[in-house]
Amino acid sequence: MNWRNTMWVWVLTAVAASAADPLYVRVDQLLAQGQAAAMAVPAGDDVFLRRIHLDLIGRIPTAAEARAFLDSNATDKRIKTAEHLLATLDHARHMARTFDVMWMERRADKHVKSTDWQAYLMQSFATNKPYDKLAGEIFMADGNATSSGLPREPAKFILDRDAEPHLITRDIGRKFFGVDFQCAQCHDHPRVDDYLQRDYYGLQAFLGRTTVFQPDVKFPAVLAEKAAGESRYKSVFTKHEGETRPRLFGGLEVDQLELASGTEWVVAPDDKNKSLRPIPRNSRRAQLAAQVSANPAFRRNIANVLWGHMMGRALVEPLDGFSADNEPPHPELMELLANEFAVMKFDTRAFLRELAQTQTYQRSSILPAQLAPPGTNVVAAWEVEIKTLTPKSEQSEGAWKKSVATLYQSVTNRLLATIELDKAVAAQAETRKALDAASKVSTDANAVTATKLDLHKVTSEAAAKAKLATDKLPADKELVDATAKFQARATTFAAELAAAQKDGETKAAATKAATDRHAAAEKFANDNRTKWKDLDKLVIAADQTAQAAAVVQQSDKFNLAKVQRRIDDAKAAQEFLPLDAAAKVAGTNYLAADKVYAPAKQALVTLQAAIAARRDAMAAAQKLRDDTAAALVDMQKQVTVKADVTKAVTDAATQAEAARLKLPADTELAAAVAKFKMRSDQLNVELVALQKQVPDRDAAAKGAAEKMAVAQKALSDEDAKLPAVQKVVTDLEPQWKTLQIAANEAKAKADAAQDKLTQRWNNSFATGVFAPLTPEQLCWSMMQGAGLVEAQRVAAEAEFAQKNPLAAGQAEDANRTATRLRTVEQLVNDRLKGNEAVFVKLFGGEAGQPQRDYYATAEQALYFTNGGTLTAWLAPAGTNLVARLNAIADAKLLAEELYLGALTRRPLAEEVADVERQLAARPKEQRVAVLQEMTWALMTTSEFRFRH
Amino acid sequence: MKCTYECGSAEHTVARRQFLGGLAAGAGMFIGGLDTFATPAAVAQMTRDQKRLIIVRMHGGLSQLESWDPKPNTDTGGPFRAIPTSVPGIHISELLPYTAKQMHHLALVRGINTKNDDHGKGTYMMLTGRHPTPGQTFPELGAVVARAMDNSALTLPGHINIANGGSGGRNNDAAYLGPKYASISLGGAQPPAYTTRPANLTEQTVQQQDEFRRKANDRFAGRRRTAETDAYVQSFEQAQELVRQRDVFDLSKEPQKDHERYGTHEFGKHCLLARRLVEKGVTCVQVSHSNYDTHNENFEFHFEQLGEFDRPFATLVGDLAERGLLQHTMIVVLSEFGRTPRINQYYGRDHWGHAFSVCMGGAGLQRGAVVGKTNANGTAVTERQVDAGHLFHTYLRALGLNSRHHFNIGGQKQPMADPAFAAIDELIA
């Protein structure tokens, strides 16, 4: 193992990777270059297997899978397993889940059902749809499969956000370009220098024309887009005003097709038909879809997302925090991944495969035993490097800021030109209107002239003809009169014609003037347009300069940060080592002291217990002594009293007998005397009986007194020991206490330093990343560990076989295999998915909030303990884990199955011993309970809760 | 010998926790591993000094004219009189006679103008201290306070919402602060979710499985302990503590006499439960009273509603003061907005966020103070106009927090309160 590690390090550092090398080699190469000190050793097979399952299919492997993998001798088993998992539908499901949570952030459904959307994502990942195509569909889909040619589901991203222009701008920025522009809506970002208000509105220009279209709530909402509307903005701080065409972060403004008025629509809006959805010829969202794959921010974002998905931590965290001031630990690596993913044509599966094959992915999450931080001279050299890099970075930042100022000036100039141009165009429209009016008037006048001309012609010709006639018949008065009338008419019409002709000329002159004015206005507008175009060219040029400057400033900042990170890493290691050593020494010292102190303390405790016991015995003896003494006294008292009475009665009997002797005939007296005699005898008997008890009581009292004396001695003997034993403890205690506190403090300091170090090593991927499971990963891993997933899979297979029987001897063809796999996966998912909800509620973030934070709450623990679910999963049934364990008699084999099933590893010797002890300690009838307890315990450990 | 360096004797445990407790203060993350909790005395001390918050939410929009800012004998004043309070010079509506006697513990802000007349937006503004922005949801006051006050010695949930319904899980009011600080609904006589052991779960099983879990965790922590694993391990200890303390949520443990003093209606019970919870160390408790959305018959309804509100609220304030809790506990009575000075044709008042009031008291607030003023008939703020954002800063400051601080959320700084506003300094004691 050691030899291989050494080899591997040697290979990485000695041979520079070239572009011809596979991506995974280049990744490791770049990472190794960036490290300050030793990286973690490769992870064991068990750690790798658990990790690759969690990352690629979202749950741990079964015990059987773990056993097969661990027992395999194949040298390529790691990459083969990765490839196998990547090809499963479980992988597509896991990716669909991951991207759903990332993009929708567990929002409540609004217009598109989650199940439909997830099925769409699942299908996309199952067919390994190129990522840029997937993103393009999300931007372009309008919810109407017929008009857009795209399924309805991808429209969920925009539809379920109600196409709120600022919300979708912000979220598309966050999710697809890795930048959170939130604050840049109203001004340049106050905390992130390189997010400009202009960037926000550039993105917004793609989206601002989109609206939700739902004229009738009986039909599903779709998206509509307007044909006009530009993004103009004003900073609430600096009052800088600008306007931008659609433009992606890190890109240039996109030229827009100039459509002649009236040709902007494929389906024009119709005021009379509100249920008709207008469709513009020029869709801004389609432009967005067309733009993204070439955009560096878009590429970087997805490379970062996929890296984070695989490695447990993204290169740039948070995912939407990419900026010059939030450097990735390995900037060259970030660029390499972004570019290579595009070269791979956004093939997600191929990309993940490369990542799985890196040593970086396969590194242990435990800090290296030998950190080997660089010497102070090396760090000092880095610090010198900082000194040269700092002014360079400041200079490029200054250059960038200057270029932005120039850009702003050009944007302002162009905006002013836009305003002028708008005015000129409006004026042009006015003159056009005037010209049209004048032309009409002129045309009308010409029509009048033509009419008059016609009348004049007819009447004058008639008059001429009539004159010829009257010339021939001058006497015909009637004819003469008629001719005169014709002539009169002709004269009138001649006059009218002359007037009309004059009017026509005036109107024509007016039209000519209007034409001139319009031509002038047109020229003015065209001049303004030319001017605008010139200014626009300046904007684009200034933008290009600013972009270039941004790249330089970012690169300089990243280089600076990279060296700084290396210094900080080295320092963290240098700080940790003595603290760790100190903690170990303090711990050893404390243990040594405790070795002396603990038995002394134990002796004291034992002695104190003995004294307490003796004191109790003594008290008991004392009580007995007192009781027996009291009993003796009592007896003696009774004897005295009895003797007294007896004597009196006996005396009385004697006296009575004397009297009776003097009066022998008195029978009554005789009877009385007999009574006295009888009582006296009786009392004497009683007295003797009492007197007989006295020695017993006396003996008891004496015995008790002796016992008490013994107890007293025993107590005082022990008491006498106390000062000596106490002294030993008292003498040892201050030192012990001091060492204990010192050990605690040293351990706490070392822990804190270790936390910091672990964090730093994690951040630079020098160790495998330690990260909590997502709610779904946790839920599915628990179900897998308990055996639910496998049970459902077996049941689904059986169901499929029953419904689709194969004829005897018939082999399954590829079609049937595909259908079977699809059906089984779907059934298993449908039947177990419901369990996710509680996990999401307890372990996830709130709806609409980022979902990657970690929370530990008492409720989570209470759910596992008292919620009933986990306990129910662990009830033995079929071939689930506890049922399998119950069937294994040998404790050692049982322990192996338990650890493989729950923790994807074989147990350590002491763990096997624990299992044996646990089983032995309880009666047979509690065996199942013990098995459940142990499984429950392993599934609720940190080892289960985290990816490591 | 049981006592080893790693897991420690009882003394060791307490010593380590106390040391680490000091180290971790303010980090918002549990550090400490397998240890049980600090000594009861230390917890008791911590519980006494910890700051707490009670929010009384008057749903629908309480009329400022029938409560904190009466304008009797004006065209907008309505039929009720103003009465003197325990603070000379401060008059409030005659609908609040008991509260009037507690005025020396309270303060009034009479110049609130949020320029908003919408229920949803108003509630959001008053509880988050922010103006609604698309694409961004901010955490509510209770969650912010629960998070800011969190420390490893607290074993009870930090944020409880006493509701009319049953006891449920977490509500969505913590935004990016996460579910740990979202309020837990507590209704009826039910303790929080999962604090009851199922009948088929024996104490032996619980003990055995926990012991096995601890052992496995110790082994894992030997090489891979992080602040996150510590927090996870700690959450199980907290859970057990919570089960032990279930009685905290049991209102029937309060004396009958107090039940009578607070009244048998829901709001009375809720106020009594609020008292019990803050006394036991819950950081933030929300109580609600419904419904003040009196577009019709404003005066009838306020007469009824405030008649129910007045006594239990005043009793709560009085009890907190008497028990020495008020110096650590801030109480605020708020509404999404006030009601229009203009009385409509249905004798109602409509939504009005342009000149209304909030009542608050306790913790670090000035007692018996009034800030802000409206004109003679209450149609406009004339003095010290404030927005929901100012109030939010003020609440935090009164609880001893620096409202200019940030939370660190996944590597991003999130200001505790809207940086565009500031606290009402003259209200801070």
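Visitor: How many residues does each chain, A and B, bring to the contact?

Guide: In this predicted model, chain B brings 60 residues and chain A brings 67 residues. A pair counts as a contact if the C-beta atoms, placed from the backbone, lie within 7 Å.

Visitor: Which element of chain B gives the most to the side that touches chain A?

Guide: That is helix 6 of chain B, with 13 residues. Helix 1 (10–24), helix 6 (203–224) and helix 7 (227–244) of chain B each give two or more residues to that side. By class, 30 residues there are nonpolar, 21 are polar and nine are charged.

Visitor: Let's turn to the sheet. What makes strand 6 and strand 12 of chain B edge strands?

Guide: The sheet in chain B is open, with its eight strands in the order 6-5-7-1-8-11-4-12 and mixed pairing. Two strands pair if there are at least two bridges between them. Strand 6 (184–186) and strand 12 (369–371) of chain B each have a single partner strand, so one side of each has no neighbour in the sheet.

Visitor: Why are strand 8 and strand 11 of chain B called a pair?

Guide: Pairing needs at least two bridges. Strand 8 (residues 329–334) and strand 11 (residues 356–362) of chain B have four bridges, in the antiparallel sense, and therefore count as paired. Val333(B) stands opposite Cys359(B) of strand 11 of chain B.

Visitor: Which strands of chain B does helix 9 lie across?

Guide: Helix 9 (residues 266–280) of chain B lies across strand 1 (52–58), strand 5 (159–162), strand 7 (284–289) and strand 8 of chain B.

How values were computed: Residues numbered from 1 in each chain as written. Chains lettered and ligands numbered in written order. Predicted model: local features only at pLDDT ≥ 70, side-chain atom pairs only at ≥ 80, totals over all residues. Contact = placed C-beta atoms within 7 Å. Nonpolar A, V, L, I, M, F, W, Y, C, P; charged D, E, K, R; others polar. Axes fitted to C-alpha atoms, helices over the stretch in contact; angles between N-to-C directions.
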